[in-house]
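Thank you all for coming. I would like to spend a few minutes on charged pairs and on one stretch of surface, so please have a look at the model first.

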Amino acid sequence: MSCIICHKNDFKTVSTVDAKNKSFLKVVFCKNCGLVQQDPIPSEKEVNEYYEKYYRQDYKKTFTPKTKHVYRAGNLAIERINFLKERNFLNGSLLDVGAGGGEFTYLSGKLGFMSEGIEPNIGYSNFAKKEYGVNIRTGRLDDVHKKFDLITMFHALEHIPNPVKTFKSLYELLNKGGIL
């Protein structure tokens, strides 16, 4: 295996156990560029299927958000809204990648953005549509075909098998002068 960023093959093993479910999960640190990655990196097909069907149940033990998850996600969404306000980002088209239960998408829409989200997990994306009435698509970044002024991505990059490909896709989805 070589590093997906620098293509070198000099790693240090960081962990071999998944902290949540105690199953085998080898994580390595690239000694050349510092990227931390899974070894081996699963295929896009494996990643897509896992996040669509199993991730939330493995890590949250639920198909749709529980009240405690909504509360936590709502508080984080308020912090993110404040972050945007402090930087004078107050409107425009916004895409939230990995939108989860939709709390940030909902609140950013209330702030003045034309907000939408993309979320691979069907239980969470359906929850967002039903509970908040927000425009969240169940799917992957490849399913997005329009451009945005602002793209947000919170706690999502570490779940993506090919960050270089993802950043190229994100760049293509930004309007001229858009911000990620």
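Let me begin with a question: which residue forms a salt bridge with K130? Keeping in mind that what we are looking at is a predicted model, the partner is E131, and the closest N and O atoms of this pair are 3.9 Å apart. K130 counts as exposed because its relative accessibility is 68%, while E131, with a relative accessible area of 45%, is partly exposed.

That pair is one of six salt bridges that the structure holds. Another joins R87 to E86, with 3.4 Å between the closest N and O atoms; here E86 is exposed, since its relative accessibility is 63%, and R87, at 40%, counts as partly exposed.

Now to a third pair, in which the side chains of K146 and E116 meet in a salt bridge with an N to O distance of 2.9 Å. This one links distant parts of the chain, for K146 sits in the loop between β6 (135-138) and β7 (148-153), whereas E116 belongs to strand β5 (residues 113-119), 30 residues apart. Is E116 buried or exposed? With a relative accessible area of 16%, E116 is buried, because the cut-off for that label is under 20%, and its partner K146 is partly exposed at 44%.

Finally, away from the charges, V14, F29 and V36 form a nonpolar patch on the surface, and together they have about 260 Å² of accessible area. Of these, F29 lies in strand β2, which covers residues 24-30, and at 36% relative accessibility F29 counts as partly exposed.

Note on methods:
Residues numbered from 1 in each chain as written. Predicted model: local features only at pLDDT ≥ 70, side-chain atom pairs only at ≥ 80, totals over all residues. Heavy atoms only, no water. Patch = residues over 30% accessible without salt bridge, like charges linked within 9 Å, V, L, I, M, F, W, Y side chains within 5 Å. Areas by Shrake-Rupley, 256 points an atom, 1.4 Å probe, with all protein chains shown as cover. Salt bridge = Lys/Arg side-chain N within 4 Å of Asp/Glu carboxyl O. Helix = DSSP H or I, 4+ residues; strand = E, 2+ residues; numbered from the N terminus. Buried < 20%, exposed > 50% of the residue type's maximum accessible area, 1.4 Å probe, protein only.
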